[in-house]
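Me: Could you take a close look at one part of this model for me? I'd like to start at the metal site and work outwards from there.

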Amino acid sequence: MYDPSQLVSYLDMAAADLLGTAGSLTVRRLSDLNGLFEDIDAYNKALSRENSLVYTVREAAFPSDEGDLTCALGKLMPGQIGDEYYFTKGHLHQWREAAEIYLVLSGEGFMLLEDEKSGESRLLPFQRNGLVYVPGHAAHRTINTGDSPLVYLGITPARAGHDYFTDDHKNFLKVVVEVSDKPVLMDREDYHRFYSPLKGH
Ligand code: PAN
Ligand code: ZN
């Protein structure tokens, strides 16, 4: 049987961190998101000012045998590159069937899903106390459209793993951009071809 200390963790909401059974910490800055934002000029300008923190992910260190669950606490900062809101890199699970449940603890934004087979997208509201289900085979990206950090817990099978986009499929097919002070979901191609040039990007 496990020691109780291996089975209990605490949310430190002020620090957006886990205490107790805390595992690895991933820190992603603007430079780690190279090539993902549509407005390259705005990205380069922002990066030349400061390699800002975009998000952190603290994994829990719960048991990780076959059948176990794991969770991670994410903190995604508010911000924009051009019209695009700050987001996470986004991934499929290595074990494609693995689903994930997200619990939103603070802040506001969206979860962008993209089915790997059909390419269909869904934009789900991501608000405090919200529970969001990410089915298997869905690439998922968290987006912060608010003005405070978006803090959330993601729970998956321990063996889900992460599969980040490769060169032959580099990014999501849709973007979430600010239009007249509101977030709008748009085809990346349409945004690239029709929208950003009109704005002089
Ligand atoms: C989350 C994500 C977290 C960071 O814990 O890993 O939001 O996003 P990226 O991994 O895409 O950088 C999760 O979905 N785990 O499976
Ligand atoms: Zn995931």
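Is His-91 buried or exposed?

Reply: Bear in mind that this is a predicted model, so treat what follows as computed from that prediction. His-91 is buried, because its relative accessible area is 10% and the cut-off for buried is under 20%.

Now for what His-91 is doing there. The zinc ion (ligand 2) has His-91 among its protein donors, through NE2. The others are His-93 (NE2), Glu-100 (OE) and His-140 (NE2), and the donors lie 2.1 to 2.3 Å from the zinc ion. Along the chain, the spacing reads H-x1-H-x6-E-x39-H. Two of these donors link distant parts of the chain: His-91 sits in strand β8 (residues 91-92) and His-140 in strand β13 (residues 138-144), 49 residues apart. His-140 is buried too, because its relative accessibility is 1%.

As for geometry, six donor atoms surround the zinc ion (ligand 2), and their angles run from 76 to 172 degrees, so the arrangement is octahedral. To earn that label, opposite donors have to be over 155 degrees apart and all others between 65 and 115.

From Glu-100 you can step into the aromatic rings. Strand β9 covers residues 100-106 and holds Tyr-102, while Phe-126 is in strand β11 (residues 121-127), so this ring pair ties together parts 24 residues apart in sequence. The ring centres of Tyr-102 and Phe-126 are 5.7 Å apart with the planes at 65 degrees, which means the pair is edge-to-face. Both rings are tucked away: Tyr-102 is buried at 5% relative accessibility, and Phe-126 is buried at 0%.

Another edge-to-face pair is Phe-165 with Phe-172, at 5.2 Å centre to centre and 80 degrees between the planes. Phe-172 counts as buried, because its relative accessible area is 1%. The total comes to six aromatic pairs, and ring pairs also link Phe-37, Tyr-43 and Phe-87 into a cluster.

Charges come into the picture as well. The charged end of Arg-141 sits over the ring of Phe-87, 3.8 Å from its centre. Strand β13 runs over residues 138-144 and includes His-140, so if you're following that strand from the zinc site, Arg-141 over Phe-87 is a good next stop. Elsewhere, Arg-28 lies over the face of Tyr-164, at 5.5 Å from the ring centre.

Definitions and conventions. Residues numbered from 1 in each chain as written. Chains lettered and ligands numbered in written order. Predicted model: local features only at pLDDT ≥ 70, side-chain atom pairs only at ≥ 80, totals over all residues. Heavy atoms only, no water. Donors = N, O, S within 2.8 Å, 3.2 Å for Na, K, Ca; no water. Tetrahedral: all angles 85-135°; square planar, octahedral: opposite > 155°, others 65-115°. Helix = DSSP H or I, 4+ residues; strand = E, 2+ residues; numbered from the N terminus. Buried < 20%, exposed > 50% of the residue type's maximum accessible area, 1.4 Å probe, protein only. Phe/Tyr/Trp six-rings, centres within 6.5 Å; stacked < 30°, edge-to-face > 60°. Lys NZ or Arg CZ within 6 Å of the ring centre and 35° of its normal.
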